[in-house]
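Biologist: Could you take a close look at the salt bridges in this model for me, and then show me what surrounds them? I would love one connected walk-through rather than a list.

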Amino acid sequence: MGGRIHAEASNFEEWRNVSRELLARAALPEQVVWNEDQEVELNLGVEEKSKPPLPSSGPVRVSDEFVRRAKGVACHVDLDTWGLLYRMLWRMTRGEERQLLRRANDVDVRSFELKEKAVRRERHKMTAFVRFRKVEVTGEETERERFVAWYEPEHDVVYLAAPFFRDRFSSMDWSILTPRTCVHWDGRELSFSEGASFQERPDEDELEKYWLKYYASTFNPSRLNISMMEREMPRRYWKNLPEASLIAELSNGSYGRSEKMKAELEDNPKLQGRRPKGAPDGRERGVIRTSDEIRLRGEGLTLEALRDQAQLCRACPLHERATQVVFGEGPPEAKLMIVGEQPGDREDLAGHPFVGPSGEVLASAIGELGIDREAVYVTNAVKHFKWRPSGKIRLHQSPAPKEVHACKPWLVHELEQVHPRVVLCLGSTAAAAILGRPVSVTRERGLRDDPGLPYAVVVSYHPAYLLRIVDESERLRASQQFYADLEACKQFIDTM
Ligand code: URA
């Protein structure tokens, strides 16, 4: 039996309007079908059908968090997305399920999160792989150059990615054409239009030649990783990347060039030592010199690729003394992320976070509370060890705020990839990096309720602090608090 609401939901705002109407009619989620044309069909029973629509129940109240995250999920192209969003909305307006998003084991929430992750990844990929080509604008008197890009995202992420391109390429006019939605920038505002066809994509031009030249000159054969490239961007999309045509050619010579680079390093006494870093005078290829570069180069990369890129980081002077970058470790689907300050002496040598004395304290607390360490993502606010020599010892020094700031985009990329439910900040440096303001651990220990963040934050002592406390009763008290904070994290993992 059908009653049709004549509406389509091809974007979030349309879905929102339709859903308001459905809620006003008290339509059960199972009565609502979104067909392939994204039209809504409302299958009411005879009795309900004869009823007049209910008067609007007034404004529908759901959390800002749901609205914000649902906007992202709405970009997922699977047909069941609108239905899922409506079902969750319906459940949340039933009062007892206001906290629905916190139920990690709920089937709808799980599906919502998976779609959210897929969309986020697609948005990142778009920011990394769109290539503009210059086009001639006939009959227009304009000083500004015009660029067009053709791109085929898996999900309809154009709305989400558009602000990135606006900020990055504000001084030129451009359009990005995709099969579902196109976006245009004229120097003043973004506008959107319906999808374009492959035939409308721009042709090869001089810009492409420049790009190829640039790519060939920055190509580092020892870093060629075809399977990683395929994971980031399936081969069927390579046709839209001008540089893809060079990969075969360059990689054929890859082994020889790579060996030559190694030989150059080995022959040069200045470059020898523990650090496989290349020239310390800034002539190294592909190094990352600023936090803006970290932001751009890391966009959309997997954790593995981020870890690789971080080895090239020179965004602050700490790399000069450190043995190596110590990047975060753990599964990309971890619900708990633990953030420390910076690697210590042992971590710096081993290349892994929290493997020294602080790591032992952490590991034993995690173990005692029954948290699976393998399921936790562990990282630091700063990825290089900061130290000063004291005789034969390397003495730990706290990182300066500007060093934390320089390193922060790595942490942001990690958070975006892992998307944890809860972040445990060990010590004030980690807490400041996560909360974006100075934090006093003694005053702000425990669960911090920051509705602006898509994860819960728990602030606790750094294990190194626990190890330094001399007074036994004081140490016992602080340790109990440390355990209580970890227990709070565990509750999140277990119940969400
Ligand atoms: N201290 C930290 O903050 N991080 C580590 O990885 C080790 C010690």
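Modeller: Happy to! Let's start inside one helix, with E113, which forms a salt bridge with R110; their closest N and O atoms are 2.7 Å apart. Please keep in mind that this is a predicted model. Both E113 and R110 belong to helix α5, where they sit three residues apart, about one turn of the helix. That spacing suits a pair of this kind, because an α-helix has 3.6 residues a turn and residues three or four places apart point the same way. The two partners are not equally covered: E113 is buried, with a relative accessible area of 9%, whereas R110 is partly exposed at 36%.

Helix α5 takes part in another salt bridge, and this one reaches outside the helix. The side chains of R69 and E116 meet with 2.8 Å from N to O. R69 lies in helix α3 (residues 64-73) and E116 in helix α5 (residues 107-129), so this pair ties together parts that are 47 residues apart in sequence. Here both ends are covered: R69 has 6% relative accessibility and counts as buried, and E116, at 8%, counts as buried too. The pair also belongs to a network of salt bridges that links E65, R69, R102 and E116.

For a pair elsewhere in the chain, look at E444 and R437, whose side chains meet in a salt bridge of 2.9 Å, N to O. E444 is buried, with a relative accessible area of 15%, while R437 counts as partly exposed at 35%. A search of the whole structure finds 26 salt bridges, so that you can place these examples in context, the cut-off being a side-chain nitrogen of Lys or Arg within 4 Å of a carboxyl oxygen of Asp or Glu.

Now for the surroundings. Helices α3 and α5 turn up again around helix α4: what covers the buried residues of α4 includes α1 (12-24), β2 (32-34), α3 and α5. Ten of the twelve residues of α4 are buried, so this helix is largely enclosed by the rest of the structure. Among those buried residues are W82, Y86, W90 and R91. The geometry of α4 (residues 81-92) can be checked as well: at 1.5 Å a residue, its twelve residues should span 16 Å, and its end C-alpha atoms are 16 Å apart, which agrees.

Further along the chain comes strand β5 (residues 146-150). Four of its five residues are buried, so β5 is largely enclosed by the rest of the structure. Strand β4 (residues 133-135) pairs with β5 in the antiparallel sense over three bridges, and K134 stands opposite F147 of β5. Strand β6 (residues 173-177) pairs with β5 too, but in the parallel sense and over five bridges; there, V148 has S175 in β6 as its bridge partner. Together, β5, helix α6 (residues 158-168) and β6 make a right-handed β-α-β unit.

There is also an open sheet of five strands, in the order β10-β9-β13-β15-β14, with mixed pairing. At its edges stand β10 (376-380) and β14 (446-448), each with a single partner strand, so one side of each is left without a neighbour in the sheet. On average, neighbouring strands of this sheet are turned by 25 degrees against each other, direction ignored. Within the sheet, β9 (residues 336-340) and β13 (residues 422-426) pair in the parallel sense over four bridges, and L336 stands opposite V422 in β13. Helix α15 (residues 401-418) packs on this sheet and touches β9, β10 and β13; the direction of α15 makes about 170 degrees with that of β10.

Stepping back to the whole protein chain, there are 19 helices and 15 strands. Of its 496 residues, 48% count as buried. Among contacts in the chain with a separation of 6 or more, residues 24 or more positions apart account for 69%. The R69 and E116 pair, 47 residues apart in sequence, is a good place to begin when you explore the view yourself.

Note on methods: Residues numbered from 1 in each chain as written. Predicted model: local features only at pLDDT ≥ 70, side-chain atom pairs only at ≥ 80, totals over all residues. Heavy atoms only, no water. Helix = DSSP H or I, 4+ residues; strand = E, 2+ residues; numbered from the N terminus. Buried < 20%, exposed > 50% of the residue type's maximum accessible area, 1.4 Å probe, protein only. Expected span 1.5 Å × (residues − 1). Contact = heavy atoms within 4.5 Å. Pairing = 2+ DSSP bridges. Axes fitted to C-alpha atoms, helices over the stretch in contact; angles between N-to-C directions. Right-handed = clockwise from strand over helix to strand, strands pointing away.
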